[in-house]
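Subject: The structure we talked about

Hi there,

Here is the structure I promised to pass on. Have a look at it first, and then read on for what turned up in it.

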Amino acid sequence: MISKLPTADTDLTRLDEHPGHLLRRAQQISVSMFHDEVGGELTPVQFAMLRCLADHPGIDQVSLAGIAAIDTSTGATVCARLEEKGLLERKVIPHNRRQRALTITADGERLLASLVPATRRLRERLLAPLTASEQQQFMALLDRLVRANNEQSRAPLAKRGS
């Protein structure tokens with residue numbers, strides 16, 4: 001069923017009239033498809049952290065969590081798990097012994113490279129119900145929605161360059 005905008009006489013009792021519910025369902029579907037395509041090697045959050053780390057070698061855990069929009073305690077747990085898997089290394093930062101600098105390992109780089117086809121398939125599958133034009137529009141609107149509401153998150157995306 002295609003959701004429509006509620007009218008003034010609608011009491012919003014239908015779940016398909018609530019964007020949050022539909023976004024939650026879309027997230028469930030996305031995670032399910034992620035596991036179909038990627039397998040059990042990484043969770044979506046682990047993938048996000050590793051992907052961001054590949055672009056920011058030497059970053060500290062707190063900053064990495066910020067650019068991946070993941071809360072710091074979850075970020076620390078994810079980094080520990082990725083380290084256990086041999087996909088990243090954590091080293092104490094000499095001038096701030098409470099922080100750890102992170103680098104992706106060669107195994108982590110190989111894993112990310114091997115997942116490129118799977119992540120492409122995931123994107124194609126997830127957006128397949130939409131035309132090419134609708135896919136562009138959907139992604140633009142979703143990006144706008146996320147950016148405009150970033151500060152409402154419990155783990156806001158860190159500003160680029162911060």
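Let's begin with one residue: in which helix does Gln61 lie? Gln61 belongs to helix 3. Please keep in mind throughout that this is a predicted model.

**Gln61 and its neighbour in helix 3**

Is Gln61 buried or exposed? Gln61 counts as buried because its relative accessibility is 15%, and the cut-off for buried is under 20%. Leaving out residues within four places in sequence, Gln61 is in contact with Ala76, Cys79, Arg90, Arg100 and Leu102. Val62 is also found in helix 3, but with a relative accessible area of 48% Val62 is partly exposed. If you want a distance to check on screen, the C-alpha atoms of Val62 and Arg154 are 14 Å apart; along the chain, these two residues are separated by 92 positions.

**The overall layout**

Stepping back, the protein chain has 6 helices and 2 strands. Read from the N terminus, the order of elements is α-α-α-α-β-β-α-α, with the two strands following four helices and preceding two more. Along the principal axes, the C-alpha atoms fill a box of roughly 60 × 30 × 25 Å.

The protein chain has 162 residues, and 26% of them count as buried. Its exposed surface comes to about 11100 Å², with 55% of that supplied by carbon and sulfur atoms. Among contacts with a separation of 6 or more, 48% are between residues 24 or more positions apart.

**The nonpolar core**

Which residues have the most contacts inside the largest nonpolar core? They are Leu42, Met49, Leu50, Leu53, Leu64 and Leu82, in a core of 25 residues. Two or more residues of this core come from each of helix 1, helix 2 (44-55), helix 3 (61-68), helix 4, strand 2 (96-104) and helix 5.

Leu82 is a good place to zoom in. Not counting residues up to four places away in sequence, Leu82 touches Leu42, Gln46, Met49, Leu50, Leu87 and Leu88.

Gly75 is worth a look as well. This glycine lies in helix 4 and counts as buried, at 1% relative accessibility. With residues up to four places away set aside, Gly75 touches Met49, Ala65 and Ile70. Gly75 and Val45 are 30 residues apart along the chain, and their C-alpha atoms are separated by 8.8 Å.

**Charges and salt bridges**

The protein chain carries 22 positive and 19 negative side chains. The centres of these two sets lie 4 Å apart. As a general point, side chains of opposite charge can pair when their charged atoms come close. How many salt bridges does the structure hold? There are 9, and three of them are described here.

The pair I would show you at the bench is Glu37 with Arg125, whose side chains meet in a salt bridge at 3.0 Å, N to O. Why does this pair tie together parts that are 88 residues apart in sequence? Glu37 lies in helix 1 (residues 19-38) and Arg125 in helix 5 (residues 106-127), so the salt bridge links those two parts. Glu37 is buried, with a relative accessible area of 17%, whereas Arg125 is partly exposed at 34%.

Glu84 and Arg81 make another salt bridge, and their closest N and O atoms are 3.2 Å apart. Both residues lie in helix 4 (residues 72-84), 3 residues apart, which is about one turn of the helix. Glu84 counts as exposed at 61% relative accessibility, while Arg81 is partly exposed at 39%.

The side chains of Glu83 and Arg90 also meet in a salt bridge, at 3.0 Å from N to O. Glu83 is partly exposed at 31% relative accessibility, and Arg90 is partly exposed too, at 25%. There is a network to look for as well: salt bridges that share partners join Asp36, Glu37, Arg121 and Arg125. As for Arg90, you have met this residue already among the contacts of Gln61.

Happy to go through any of this with you on screen.

Best wishes

Technical notes: Residues are numbered from 1 along each chain as its sequence is written. This is a predicted model: local features need pLDDT of at least 70, side-chain atom pairs count only at pLDDT 80 or more; totals for chains, interfaces and linings use all residues. Side-chain values use heavy atoms; hydrogens and water are left out. A salt bridge is a side-chain nitrogen of Lys or Arg within 4 Å of a carboxyl oxygen of Asp or Glu. Buried means under 20% relative accessible area, exposed over 50%, partly exposed in between (1.4 Å probe, protein chains only). Contact means heavy atoms within 4.5 Å. Accessible areas come from the Shrake-Rupley method with a 1.4 Å probe; for residues, only the protein chains shown count as cover. Lys and Arg count as positive and Asp and Glu as negative; His and the chain ends are not counted. The place of a charge is taken as NZ of Lys, CZ of Arg, CG of Asp or CD of Glu. A nonpolar core is a set of buried Ala, Val, Leu, Ile, Met, Phe, Trp, Tyr and Cys residues joined through side-chain atoms within 4.5 Å.
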